Amino acid sequence: MFRNSTISLNRPAGSRWRYQILTLGMACFFSTVATAQEISVKTDPISRYFKITYPVPRNAPEVIQVHCTFSASGSDVWQKAQVMPLVSETALKLLPVQEWNHWNSNGFITERRAAGLHRTLVFNPYPAAVQEGKVDAAFRIEIRNTEDEVLATYTTALQADQSDVFYIEDWSQVFQKENLQQEDGEAPQKWTWREGWDAKQGMSLGNSLYGNAGKKLAMPQLSYPLDLKGWYAVYIHAPGSIRLRFTGDERNDLLSTRRGEEVLWRWAKLDHQNLVLKQHHNYTGYVPSMIDYVKFVPLTQEQRASLDAPFKAQHDKFIAAYWEPYSFAFHDDVQDSLWHREYLTAYSEANMDLVDMQIGRMGMKVVYESRLTDNLYYATRGDPIGAVRHPQTDNVGRMQQFTNTLQTSVRHARELGLKLHANFGASNCYPGSPLQGQFSKDHPEWMRGSTLRYEVPEVRAYALSLFRESLELGARGISIDYCRYPGTIDVPKTANLFQKELRAIADEFSAARAKPVPILVRFPAHGVNASEKFDYTTWAREGWVDYLCPSNIQGRHNHFDITPYTKAVAGTKCTLLPSMDGLSWGNPLPGPFLWRAKQLYEAGAPGLYIYQADSRVLGKPTDRRTMRMLGSSQAVQAYWEEDSRLRPERSKGIYITRNMQIEGWHGWQRLRVWTEGIDLGPMEFYLDGKLIDTKAEPPYLLGTEEHTSDKIIPRGKHILKIRARDGDGWLEQTFPIVGAG
């Protein structure tokens, strides 16, 4: 127990890029377990969540449970509180859903190695603790050990006027009331304004808006009238998926909070705007869409500036970002050319400099308006989606039936101030699938495995003809991706010959346009499969390449050394843009992802190439905000300064990435780790009780990024224990994992 004393909180000064905190006041009560203790109650003016800081007894065990309840003032009816510990965005993304349910539904938090420290929990008072726009409640914290014995109890008052926060809860107020119904099934293409949900369903007030008329029938768009003036932070709670935009926007965002959390969608000036809701479409057709509520928090000029600050820093790094229309058309119902502009606006919003748009892989049917090879007009097959090993769709074919992918994108990119390159994967013929092109079907003798052989003159001539066509259609630059797939090259001389021939075509168009036509090349970095086949030093010295992008492939080699490439471009006009992988097998966002960006900038990289950037630029709004920071070394550095400042305040924890396949961890993946609340120091990994790996510092991952670690997780079920140095002791957690072999 604590001695009878008053504890004074010594909190660091606020950061320029940190939300300003308003103090609401504090009140302390006596407990039968603990003597009078001082706890701090503050609120975040952006989210309007309460931040409650409390002391943990000095004799607390390694693991404690913090149970949180609240009661309206004057009442003795206590309810479980929607809480979470003070953790980073990275931790929230990696958090298992079971842990979130403990916080959000059961009102308790697990704290580790917190004895004698102050811990902070975050409480969302909406809806249960908000009455007529005001909060007036008592909040109780019980600290228990793992045997459920109470170690300390603290109670404090929460008071706040939040009547300026606007919620859309009553969706019956949309303009299109004729498109609403009270129960499912009365009219298939009417949205259901459903009330009376069971509390366990997670709807804030027991109601929601739901739309589904089957895979082939689209729900009509709905719009909700707004009469807001000025800037607002906009949060959403959508247990299903929904597409939202304001009437002045060109693009809608796909949003979902399936875990039950309220998330910050964006901040925007909402004068003369209404909210538009649209059903989502995937590769099988239209899918159910649902939303609970939207929350609007008014922002002062100072608050808006604090949100904008990371994106106002000097743009001193050049960012090239991959864009693959095929992957997004796989899920969308593309009916007109403005679809291409919608997606490109996200790249503009994310402050990307160059959009590297893949329009085909040599030997397959292409996804642009070619007249030199066959187009993908009909069905196609994709990578596994959940339990579906070979998902198929006609969506991509419709994109080519109804739009000109390249010509349209060139025009929209120019209007949006983006440099757009026509990108081809060096080769993948996808033999035997609907993707295989006629060229590879007609000439199987010119193939090596699933790729075309570039040592064959006719193959190079075919590839060069498609690059030429893309320039004739207006591409500002051209790109070849040898990581898709490196097997197309036999020896370095072959790639050198092709680069020289490609340079000649680019120079021809440069002369005709009286402006440079740059060439970007992504190729395997040292240690990556087939890296020895690419003579990048000669490319840079001879001027055959303008942007040199060494890269990893899949989950390995995410932290390759850029020193050889820096030397290769020294004294040339070639720009080094080392690649970072935006896919989920890469570094998690934002923490480990920005750690790698910081590492590359400190090593002298003038910019970055983000492979599969579309999954981040066009994915969650939080990811797009991380991408917006990449163009500024100052913003990246400030992120890590803020992380260092906040680490002592955050709850201690170890978080791991999730495997990408249902059957478990495959050899090409790497299990990556993020820590909270402790310094970035030594780490140990134990598999089934045996020490198998150690790390002195980040990057934290199980094993190495070399192929030698492909079998570090054997097939079957295992227990992984991770220990991270915490002062004079160790923070440790265990995780059940499954190896897929």
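Two strands are said to pair if DSSP finds at least two bridges between them, and that idea will guide the first stops of this tour through a predicted model.

Begin by selecting residues 354-361, which form strand E27, together with residues 419-425, which form strand E30; these two strands run parallel and are joined by 7 bridges. If you then pick out leucine 354, you will find lysine 419 of E30 standing opposite. Keep both strands in view and add residues 405-415, because this is helix H7, which lies across E27 and E30 and runs at about 150° to E30.

Next, widen the selection to the open sheet of 9 strands to which E27 and E30 belong, where the pairing is parallel and the order is E36-E35-E34-E33-E30-E27-E26-E38-E37. At its edges stand strand E36 (575-576) and strand E37 (579-581), and since each has a single partner strand, one side of each is left without a neighbour in the sheet.

Now move to residues 231-237, strand E17, in which 6 of the 7 residues are buried, so that the strand is largely enclosed by the rest of the structure. Select residues 263-269 as well, and you will see strand E20, which runs antiparallel to E17 and is joined to it by 6 bridges; here tryptophan 231 has lysine 269 of E20 as its bridge partner. Strand E25, residues 293-298, also pairs with E17 in the antiparallel sense, over 6 bridges, and tyrosine 235 stands opposite lysine 295 in E25.

Finish at residues 621-629, helix H15, where 8 of the 9 residues are buried, so the helix is largely enclosed by the rest of the structure. Among the buried residues to highlight are Pro621, Asp623, Arg624 and Met629.

Definitions and conventions. Residues numbered from 1 in each chain as written. Predicted model: local features only at pLDDT ≥ 70, side-chain atom pairs only at ≥ 80, totals over all residues. Heavy atoms only, no water. Helix = DSSP H or I, 4+ residues; strand = E, 2+ residues; numbered from the N terminus. Contact = heavy atoms within 4.5 Å. Axes fitted to C-alpha atoms, helices over the stretch in contact; angles between N-to-C directions. Buried < 20%, exposed > 50% of the residue type's maximum accessible area, 1.4 Å probe, protein only.
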